[in-house]
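This report describes the empty spaces in one protein structure, taking the open pockets before the enclosed cavities. Please keep the sequence and the model at hand while reading.

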Amino acid sequence: MTKQELRNLLEEMSLEEKIDQMNQLAGGFFTEDSVITGPMAEMGITEENISLTGSVLGLSGAALLKEIQKKYMEKHPHKIPLLFMMDIINGFKTIFPIPLGQGATFEPELSGRLARIAAREASASGLHVTFSPMADLVRDARWGRVMESTGEDPYLNSLFTEAMVKGYQGEDLREEGSIAACVKHFAGYGAPDAGRDYNTVELSSHSLREFYLPAYEAGICAGSALVMTSFNTIEGVPATGNRHLMRKILREEMGFDGVLISDWAAIEEMIFHGYCRNRKDAALRAARAGVDIDMMAGIYSENFRKLVQSGEISMELIDESVMRILELKNKLGLFENPYKDADEQKEKEVILCREHRTLAREAARKSFVLLKNEEILPLDKKKKTAYIGPYTERRNLMGSWSLTGDEKDIATLKEAVMNSALGENAVFCCGSPMLDNDVSLEGFQDCIKEEIPREEQERMLAKAEETARNAEIVVMALGEDRLQSGEATSRADIQIPGIQQELFERVCRVNHQVIVVLFCGRPLDIRKIAEKAKGILVAWLPGTEGAGAITDVLSGDYSPCGKLPMSFPYCVGQVPVHYNEYATGRPHVPGKDKDRFRSKYLDIPNTPLYPFGYGLSYTEFSISPVELSSSSMTRQGQITASVMVRNTGNVKGTETVQMYIHDIAASVVRPVKELKSFLKVTLEPGEEQKVSFAITDRELRFLSENGIWESELGEFEVFIGGSSATENAAVFSLTL
Ligand code: GLC
């Protein structure tokens with residue numbers, strides 16, 4: 001349709017039609033087997049609301065969605081098609097590593113390819129929109145939703161958000177295999193007080209803009225068709241009704257002109273926040289903030305007619321939102337073809353096809369981070385190896401947001417090992433239940449209530465000890481359960497479950513050759529593991545091909561190269577911890593950190609156990625001192641910072657060379673380091689390569705005291721190394 005035809009359609013629509021275009025319902029109103037991803041409330045939805053609603057979330061399947069669309073269109077007065085939306089966070093049916101694991105690849109373009117695959121599978125199943133990418137910056141491992149982010153760095157998050165948006169949307173939303181992206185959760189949702197989900201967010205405007213907004217903006221600049229509001233307040237006002245945040249920052253400053261959708265019932269939650277007196281007030285505030293779609297609160301449908309009649313809401317305000325929704329449907333080509341790519345035959349061809357599984361396995365391999373290796377990895381296939389832990393036979397290796405993934409498509413670690421060269425000398429033993437008896441968990445479609453009597457646990461532990469005693473090497477597959485991360489899963493204790501810790505201790509007592517493969521949706525406190533394990537490989541929640549990818553790494557067929565996108569804290573008491581902190585007036589001085597009047601803890605170090613950007617490989621790399629093309633530059637000029645990277649080990653490997661900049665003195669304090677660029681280099685043993693980074697004015701700009709992004713004259717340090725802990729630096733000046 002042309003813009004004029006859309007305008008004509010808008011004029012023909014009744015008020016009810018317009019109001020219900022702004023209403024989104026869960027699929028349960030159209031069928032009984034949709035995925036409910038938020039709290040159900042009394043919504044007072046009528047049959048008319050259902051027949052006129054603009055979009056549906058939580059349903060998939062070509063045949064089902066075609067049938068629903070057909071029936072809906074037959075009844076709709078103006079044949080306006082339904083939008084079908086769903087959370088496709090890390091794959092549709094072919095499930096990829098959780099986004100935090102994708103962040104560890106330091107390969108945004110790979111995540112772009114994964115997003116494309118997810119879009120191909122989802123669109124063939126009838127979907128038009130995904131509620132992804134999550135662009136929330138995270139620093140607090142207690143918050144369970146860190147698993148949906150790509151970590152603690154604004155620059156890295158921006159690259160991943162941009163790549164995912166482009167992957168989902170392609171060049172044109174009408175293209176086969178394209179779905180609309182939805183950047184979320186705007187804004188600052190990743191900074192809840194005390195790491196408790198849905199809690200208050202207290203951010204200065206400066207921090208919000210310097211650290212938290214860049215990745216959302218990158219997604220919007222990449223053309224994201226939707227943005228989702230966040231549950232939290234920003235400066236005391238719930239985001240969903242926050243006109244400054246949504247009208248001034250999102251629409252005016254960032255230029256977003258797409259569809260703004262609330263999070264699940266977030267409009268109603270403004271009442272519980274104490275910001276709105278009642279549902280009518282909530283409808284008014286959200287509409288004035290420019291929220292176009294009410295997800296599952298039913299508040300717009302219930303109150304807009306009254307608000308229009310009373311003159312509290314103008315028709316212009318409603319028309320503005322409805323037009324954006326119609327434009328989105330038009331960009332997807334739904335007026336010409338309301339079924340878009342929904343096709344049962346296509347579904348069968350693309351879902352879980354070999355190409356998709358192959359890329360999923362590549363992504364999983366690249367997501368793994370080797371934290372420790374005391375010459376114990378890769379495994380010696382000739383040695384008798386015991387695989388012990390609840391993850392040896394756990395089939396579901398998917399993140400908790402994998403709503404449509406199916407564990408029947410996944411191999412267990414035991415199956416993968418037996419299907420590899422490692423199987424010859426392998427024995428297996430669960431050793432313990434996943435969780436302690438006092439833990440019960442709920443997911444979106446499954447829940448856990450494991451009750452294993454102590455004597456049964458004791459029997460499992462004893463068997464594990466015996467198995468370990470009779471092995472030369474032990475690979476322990478441990479970690480938090482998949483349902484211990486994701487939405488509403490904040491944890492005050494971020495260690496592995498106690499029963500698994502007991503298993504680990506008992507195995508280490510009888511065998512000192514222990515490797516831990518750690519499954520997690522967040523950085524964990526793994527101090528006790530690091531003290532005794534000789535090897536630690538973080539596998540995150542690696543998805544459909546995760547187990548095979550793990551055997552690729554354990555066997556040495558693939559040398560791990562992942563880098564931490566989020567710091568692993570020394571312990572939970574250190575949280576939030578992140579590399580790009582401010583120096584403070586008592587900055588880190590080597591050897592002085594434990595002096596009395598320093599910014600320190602009495603009982604733990606300041607530094608995380610493993611820092612952002614850290615990760616080992618099966619070889620070693622040397623990085624030469626930083627060489628600069630000049631010691632000064634003007635704003636119009638540039639400096640090239642170079643190092644020689646050499647593979648000093650005896651196997652091929654990949655290093656992610658990272659460049660950080662520190663603005664030594666500025667009109668507002670600056671982080672001690674900021675990631676500005678990185679490059680992955682793959683080198684044969686003995687091979688070396690020059691790696692150069694260009695430093696221009698762009699890399700030096702920051703949010704100054706003038707409230708604008710600008711550089712300031714003065715001295716800068718440039719660091720180049722294999723993690724954020726590098727001290728390999730040189731100094732240059734920005735001059736007139
Ligand atoms: C949830 C989440 C959001 C998700 C939405 C729809 O509450 O906060 O990320 O996209 O509901 O499932």
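In this predicted model, 26 residues line the second largest pocket, and those nearest its centre are Tyr155, Ser158, Pro214, Lys676 and Trp709. Two or more lining residues come from each of helix 7 (154-169), helix 8, strand 24 (674-683) and helix 21 (697-700). Helix 8 gives the largest share of this lining, with seven residues. By class, the lining of the second largest pocket consists of 11 nonpolar, three polar and 12 charged residues. The volume of this pocket is about 840 Å³.

The largest pocket has a volume of about 1,000 Å³. Its lining comprises 35 residues, and Tyr579, Glu581, His588, Thr607 and Val672 are the closest to the pocket centre. At least two lining residues are supplied by helix 8 (205-221), and at least two by strand 28 (714-721). Helix 8 thus appears in the account of both pockets, supplying residues to the lining of the largest pocket and to that of the second largest pocket. Sorted by class, the residues around the largest pocket are 15 nonpolar, 12 polar and eight charged.

Turning to the enclosed spaces, the structure contains seven cavities of 30 Å³ or more. The largest cavity holds about 90 Å³ of space. Among the 14 residues that line the largest cavity, Thr37, Asp87, Asp263, Trp401 and Glu487 lie nearest its centre. Its lining divides into seven nonpolar, two polar and five charged residues.

The second largest cavity encloses about 60 Å³. Its lining includes Ile89, Asn90, Gly91, Phe96, Gln102 and Ser111, together with Leu114, Ala115, Ala118, Met164 and Tyr168. Helix 6 (108-124) and helix 7 each contribute at least two of the lining residues, and the largest share, four residues, belongs to helix 6. Helix 7 also gives two or more residues to the lining of the second largest pocket. The lining of the second largest cavity has no charged residues; seven of its residues are nonpolar and four are polar.

The class composition of each lining is set out below.

| Space | Nonpolar | Polar | Charged |
|---|---|---|---|
| Largest pocket | 15 residues | 12 residues | eight residues |
| Second largest pocket | 11 residues | three residues | 12 residues |
| Largest cavity | seven residues | two residues | five residues |
| Second largest cavity | seven residues | four residues | no residues |

Definitions and conventions
Residues are numbered from 1 along each chain as its sequence is written. This is a predicted model: local features need pLDDT of at least 70, side-chain atom pairs count only at pLDDT 80 or more; totals for chains, interfaces and linings use all residues. Side-chain values use heavy atoms; hydrogens and water are left out. On a 1 Å grid over the protein atoms alone, a cavity is a set of points where a 1.4 Å probe fits but cannot get out, and a pocket is an open set with protein on both sides within 12 Å along at least five of seven lines; lining residues have an atom within 4 Å of a point. Grid points are joined across faces, edges and corners, and a volume is the space filled by probe spheres set on the points. Ala, Val, Leu, Ile, Met, Phe, Trp, Tyr, Cys and Pro count as nonpolar, Asp, Glu, Lys and Arg as charged, and the others, Gly among them, as polar.
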